[in-house]
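Q: Could you take a close look at one part of this model for me? I'd like to start with a helix pair and then follow the charged pairs.

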Amino acid sequence: MVLRPRLAALAVIVVALPVLAGDASSSSIPRMRSDLTFLASAECEGRGPGTEGINKAADYIADAFRKAGLKGAMPDGSFFQPFTIKGASKLGKDIGVSLSGADFGTMNLKLNSAFSPMAATASGAADAPIVFAGYGITSDSMKYDDYANLDVAGKVVLIIRKAPRYGEERHMLIDEQARQQIENAVAQVAALESKVKNAHTHKAAALLMVNDASEKDDKILEFRTASGSGDAVPAVQIKRSIGDMLLRTGMGKSLDEVERSIDAELKPMSQPLKGWTAKVDVTIDRKETPVKNVIGVLEGAGPLADQTLVIGAHYDHLGYGGPGSLARGVKAIHFGADDNGSGTTSVIELARRLAANPPANRRRIVFMTFSGEEMGLLGSQHYAEHPIFPLKDTVAMINLDMVGRLAPDAETHKGKLDVGGTGSAKSFNALIDELNAKYDFKLRKSAAGIGPSDHTSFFLKGVPVFFFFTGLHKEYHRPTDVVDLINFDGMNKIVDMVEELARGLWTAEHRPEYVKVSGSFQVGAIPRDGASGRGPSIRFMPGNYDDDAGGALVASVTKDGPADKAGIKDGDLIVEVAGTPVKNMTAYTAEMRKQKAGHPVEFTIVRKGDRIKVTVTPE
Ligand SMILES: [Zn+2]
């Protein structure tokens, strides 16, 4: 499940979490438990693209598919559909900026203190005259062009960061919507990527950028993970003081003066900087990470054999954290038991059940587990662009993403299940209602075929979709999404229903009729830490889930939370809660469940070998 930050707003949702009593089939639950325990183990390293662990997970899935009786989907019989994703970029070896002035000689700038390359740009070299181009903006709608009547072809362009009057309050005489539109337009032209592209459009050989005056301490931006395509011009940021020197000597005005004048008049002041040339060398190694979808086939038979039903789930997760993690700054395995070990395990189990008992006349079923989902549905997009079986003959796609945390609805006590895509084919809404008469979930249906997971890639290609999801929780995209919290009875019940759904679609005489339904699936809010039925919280990020951790390791204390207030520090090991020894995180959680919010509890912690007692008041 991949959310844009906008959707990841925090809200408090209070739910009780008793284990649901399902109709547990005796053999499938232990099988699923064993699959998921491996997929969400430390050995699989959070299934982050580029890790050894994700390859172990892929091997495990392929092996399970094979044992279930599936064939590898690739022409050569392999279960792996390989592709690459753009990984982080790194600075290469040849990096340098030197400036030469007719009357000043040559100065070599020092990397990281006087200049730094920007990751959103290309590798490249230039040695050419410097032209000042204001903020580097060309905007028709704003009737503003720093490049008007300026020849920068083959030249090195010097620009100021952001945009004229950036950050200025715009609230007079315009309504909120108009204001928002202006803000968006300004953000767009001010974006580094837009400026690099614009310089490229004007055939500049390289780009030098300085902070605008509002950046008081004139920090050089760190070379960051690339957000750009990396195919435009090489670009570096240089210190504002150096830019100022270039303007003073090359056009006779200070940078402050020029910036103020542009902001006041909204008129460009672009011009060549007399006598100055720059030599710029940037090399960026952009790592391509090889990844793979795991795809197995159960062949069809009879007149429907050329049609395909897809059952899929992504198997990648966040590895050791990084941009997708909500545990900011924490480098720890994100086990991804629910997201999406649960869906992956369900697809494996469905393969076993369906392959064990195929009807005589049937469509082909293609079982797919995708990589690169957390980085933006990359695996399913790759399949949609390079389908192994024609998409026009693909009658439906069923996606399971986070189905391991079925919890009861507060009112009805039925398990709450989200089903997306019910409007993506004419028959789907009635079909799911009919099935649910038997399974009796508390359904939250969404007609939309677009949502935060891989079914979207199929829907956009005209394939009807179903999406199953048990909802967000406070462990979402954190290292705490672990097997212990999985509701296997609930998962099994979902697999039962999806099996019955799949059997219907497998053999139905008529294929579902696609509807290009509008809208997108609304995910809801992420429950806040400490807000569900796990006992009160003292607010910290756990560091270790090993059984033999010796206690509950505190990876990072939440600022101003109860632990912080009590003086607990990052790296502390909690070994006793209210006089009861806790040997690991699970024992800690169990002990905390007995405590009450607002009631002080004595903790024993071990810090650098010392045993210390602290009193904490959980919330
Ligand atoms: Zn996710």
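At what angle do helix α1 and helix α11 pack, and how far apart are their axes?

A: Keep in mind that this is a predicted model. Helix α1 covers residues 28-39 and helix α11 covers residues 488-507; they pack at an angle of about 110°, with their axes 10 Å apart. Angles of 65 to 115 degrees count as roughly perpendicular, so α1 is roughly perpendicular to α11.

As for who touches whom, α1 brings S28, I29, M32, R33 and L36, while α11 brings F488, D489, M491, N492 and V495. Sorted by type, the residues of this contact come out as 6 nonpolar, 2 polar and 2 charged.

Now for the charges. Side chains of opposite charge can pair when their charged atoms come close. The structure holds 33 salt bridges, and a few are worth walking through.

Let's stay with α11 for a moment. E500 sits in this helix and its side chain meets that of K438 in a salt bridge, 2.8 Å from N to O. K438 belongs to helix α9 (residues 428-439), so the bridge links distant parts of the chain, 62 residues apart. K438 is exposed, with a relative accessible area of 55%, whereas E500 counts as partly exposed at 33%. There is also a network of salt bridges that share partners: R31, D35, E349, R352, R353, D496, E499 and R503 are all joined in it.

Away from the helix pair, R444 and D418 form a salt bridge whose closest N and O atoms are 2.7 Å apart. R444 lies in strand β19 (residues 442-446) and D418 in strand β18 (residues 416-420), so this pair ties together parts that are 26 residues apart in sequence. The two ends have their own settings: R444 is partly exposed, at 39% relative accessible area, but D418 is buried, at 9%.

Finally, have a look at D212 and K162, whose side chains meet in a salt bridge at 3.3 Å, N to O. Both sit in loops: D212 in the one between β11 (206-210) and β12 (235-238), K162 in the one between β10 (156-160) and α3 (176-190), so the pair ties together parts that are 50 residues apart in sequence. Buried means under 20% relative accessible area, so D212 qualifies with 5%, and K162 does as well with 13%.

Conventions: Residues numbered from 1 in each chain as written. Predicted model: local features only at pLDDT ≥ 70, side-chain atom pairs only at ≥ 80, totals over all residues. Heavy atoms only, no water. Axes fitted to C-alpha atoms, helices over the stretch in contact; angles between N-to-C directions. Helix = DSSP H or I, 4+ residues; strand = E, 2+ residues; numbered from the N terminus. Parallel < 35°, antiparallel > 145°, perpendicular 65-115°, else oblique. Contact = heavy atoms within 4.5 Å. Nonpolar A, V, L, I, M, F, W, Y, C, P; charged D, E, K, R; others polar. Salt bridge = Lys/Arg side-chain N within 4 Å of Asp/Glu carboxyl O. Buried < 20%, exposed > 50% of the residue type's maximum accessible area, 1.4 Å probe, protein only.
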